[in-house]
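Could you walk me through this model, beginning with how its chains fit together and ending with a few backbone details? A guided tour in plain paragraphs would suit me well.

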There are 2 protein chains.
Amino acid sequence: MKIAIYGYGNLGRGVELAIRQNPDAELFGVFTRRDPKTVTTLTGAPVYAAQDVENYVGQIDVMIICGGSASDLPEMTPMLAKRFNVVDSFDTHARVPEHFANVDKAALLGAHTAIISAGWDPGLFSLARLYMNIVLPDGKDYTFWGRGVSQGHSDAIRRIPGVKDARQYTVPVEDALAKVRAGENPELTTRQKHTRECYVVAEEGADKTLIEKQIKEMPNYFADYDTTVTFITAEEMKRDHSELPHGGQVIRCGETGKDGNHKHVMEFSLKLDSNPEFTASVLVACARAVVRMNSRQIFGCKTLFDVAPADLSPIDPADIRKKLL
Amino acid sequence: MKIAIYGYGNLGRGVELAIRQNPDAELFGVFTRRDPKTVTTLTGAPVYAAQDVENYVGQIDVMIICGGSASDLPEMTPMLAKRFNVVDSFDTHARVPEHFANVDKAALLGAHTAIISAGWDPGLFSLARLYMNIVLPDGKDYTFWGRGVSQGHSDAIRRIPGVKDARQYTVPVEDALAKVRAGENPELTTRQKHTRECYVVAEEGADKTLIEKQIKEMPNYFADYDTTVTFITAEEMKRDHSELPHGGQVIRCGETGKDGNHKHVMEFSLKLDSNPEFTASVLVACARAVVRMNSRQIFGCKTLFDVAPADLSPIDPADIRKKLL
């Protein structure tokens, strides 16, 4: 399958590398909104101008769209789904129904297939929640994130005057995690589930006390959490915080039996050195499923919930059964 | 959907209880090879003779077959798949290709749909292995079982002369588990992964030293493991070992990135108070998928690998996306 990448940031670079790990996938090239001459790819893949994308209809089996969920994907994915099979990692949970409907309409117009909201959350974590809810209808589930870098929260800190650079780690509260794993089904507030660790490089002469106060009181992002702020140098930032690790846990505890007297705890967890590279690996697997579903005339918008797991794998179904069942 | 249970042991009773947790499912009744008059069901469901099963063609949407993998299911599932949609929990990994082929042939003859090898291993653990292999093509996976009761191993001990009752727990080796979780990708022998704890009630006057020797040297079952044998009284057996807990972990560690320098650890784990009740919950979800696939004229033998997760859920797809994505 010939895959094109639309948008070339951390995630796009991750897709470029992930394609090399999938022998049935080939990289057609990268589309960018920047001047293509200024973009050099990691593997030497050709770079095209995003505005010329329509010229490549018929040459690409599937387009992996690597844009942001706030403003890029709501425009890009429907626009591209009219002309190509597409995969995106749209992650604004509250706006999924709207995005799904827009992409579905566009994909059906062009007889194309789309998978939206692929990655690990949404994505593999969503799958874990679904399988767990199916198997244990009477229960309660919890999602913990971290320890890992939240790019949205890091960006929010960077927008504060006097901040030169920032990195924010989301950290699950160990005590809460232990209670959930023990099957206690606790009621947990936002504050009881996660803490936020901020590492900040301040501009020279900036009022650090004021910056710390502005971070800790920022609504939605930090006010509801126990937040720590540590000022570091630009060198320390580069040395200690240049990677993008992440991860987390989905846990469901539920009951079965005559009097609900048997408890069961299910857990899915991830510990990732590179959030964008891992997300990219999921996107490439979804690209494979999109191409297969399209060849069976299954059109429109899908999510991982609609994809038979075997369709994500490059391995022959009989071999999968033999090796992995 | 009207579900019938074929075979009424621990698993059949689990299915009977699980159906009560699924509002879209209704229990038609239980088929048994025993005299139906001698069988009382937990919920008062009607009991029928297994030999009369053909009389009920057309009245049952799906049959959940609760027999043993050694001799029951290889006969029962193909026989029943000719006449009904079916689900089984066939768990002899090495014989899956053969069983799949037999069931596929029978189901296609009758335009029925079958899911085989459902449960947690094979079943949810197989799914975990598949998703993990898809997302991390370059890596290594491990499955640990326990701490939990292995019925096959308990039965093997019971067949030793002088043994009145026995319970065998499979226990993962903590040190091995820790190395795998740390991403060390160790090479582990059978002995390094699991130990076996045996609790045995001996008949009066039996030679305990001989029993212990016979257990520890039993090929396939115990010889390759560090095995401990503890003799207990029938009262202790009843008090401390009457439940059937189980569980385990599937863990995969793999790499991504330009030089494979980013490591990722994925883990799926289960801690189950009741192995048969949890397995039964998976079977009921598969019964739902079988009925849906059959109504779409998808015939033949399938496994969980072929089932879109949304087809296992009683919840409307738009609601699933809204709540769980």
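What follows goes from the pairing of the chains to their interface, then to a sheet, a salt bridge and some backbone features.

Please keep in mind that this is a predicted model. A good place to start is the relation between the two copies. Chain A can be laid on chain B by a turn of 180° with a shift of 0.0 Å along the axis, and the RMSD is then 0.0 Å. The two copies are thus related as by a two-fold rotation axis. Both copies use the same surface for the meeting, since 100% of the contact residues of chain A recur in chain B.

Now look at the interface itself. On chain A, 65 residues are in contact with 65 residues of chain B. The two chains bury about 5800 Å² between them, and carbon and sulfur atoms give 63% of that area. Which elements of chain A supply at least two residues each to the side that touches chain B? They are helix H3 (96–109), helix H4 (124–135), strand S12 (246–256), strand S13 (262–272), helix H10 (275–295) and helix H11 (317–324). Of these, S13(A) gives the most, with eleven residues. Sorted by class, the side of chain A that touches chain B holds 33 nonpolar, 16 polar and 16 charged residues.

With charged residues present on that side, you may wish to know how many salt bridges cross between chain A and chain B. The rule finds zero salt bridges across this interface. Polar contacts, on the other hand, are found there: 31 residue pairs, with both residues at pLDDT 80 or more.

Strand S13 deserves a second look. S13(A) pairs with strand S13 (residues 262–272) of chain B in the antiparallel sense, over nine bridges. To find this pairing in the view, you can start from Leu272(A), whose bridge partner in S13(B) is His264(B).

Within chain B, there is also an open sheet to follow. Its four strands run in the order S8-S9-S10-S11, with mixed pairing. Strand S8 (148–149) and strand S11 (226–231) of chain B are the edge strands, each pairing on one side only. S8(B) pairs with strand S9 (residues 163–172) of chain B in the antiparallel sense over two bridges. Here Gly148(B) stands opposite Thr170(B) in S9(B).

Salt bridges do occur in the model, and the count over all chains comes to 38. One of them joins the side chains of Glu212(A) and Lys216(A), at 3.0 Å from N to O. Both residues lie in helix H8 (residues 208–216) of chain A, four residues apart, about one turn of the helix.

Finally, some backbone details. Most residues other than glycine have a negative phi, and most peptide bonds are trans. Against that background, three places are worth a visit. In chain A, a cis peptide bond joins Asp121(A) and Pro122(A), with omega about 5°. Pro122(A) lies in the loop between strand S6 (113–115) and H4 of chain A, and H4 is one of the helices on the side that touches chain B. In chain B, a cis peptide bond joins Gly146(B) and Arg147(B), with omega about 0°. Arg147(B) is found in the loop between strand S7 (139–145) and S8 of chain B. The last stop is Gln297(A), which has a positive phi of about 60° although it is not a glycine. Gln297(A) lies in the loop between H10 and strand S14 (300–302) of chain A.

Notes. Residues are numbered from 1 along each chain as its sequence is written. Chains are lettered from A and ligands numbered from 1 in the order in which they are written. This is a predicted model: local features need pLDDT of at least 70, side-chain atom pairs count only at pLDDT 80 or more; totals for chains, interfaces and linings use all residues. Side-chain values use heavy atoms; hydrogens and water are left out. Copies are superposed by least squares on the C-alpha atoms of residues with pLDDT of at least 70 in both. Contact means heavy atoms within 4.5 Å. Buried area is the accessible area (1.4 Å probe) that two parts lose on being put together, summed over both. A salt bridge is a side-chain nitrogen of Lys or Arg within 4 Å of a carboxyl oxygen of Asp or Glu. A polar contact is a pair of N or O atoms within 3.5 Å; within protein, one must be able to donate a hydrogen and the other to accept it, and residues adjacent in sequence count only if both atoms are side-chain atoms. Ala, Val, Leu, Ile, Met, Phe, Trp, Tyr, Cys and Pro count as nonpolar, Asp, Glu, Lys and Arg as charged, and the others, Gly among them, as polar. Two strands pair if DSSP finds at least two bridges between them.
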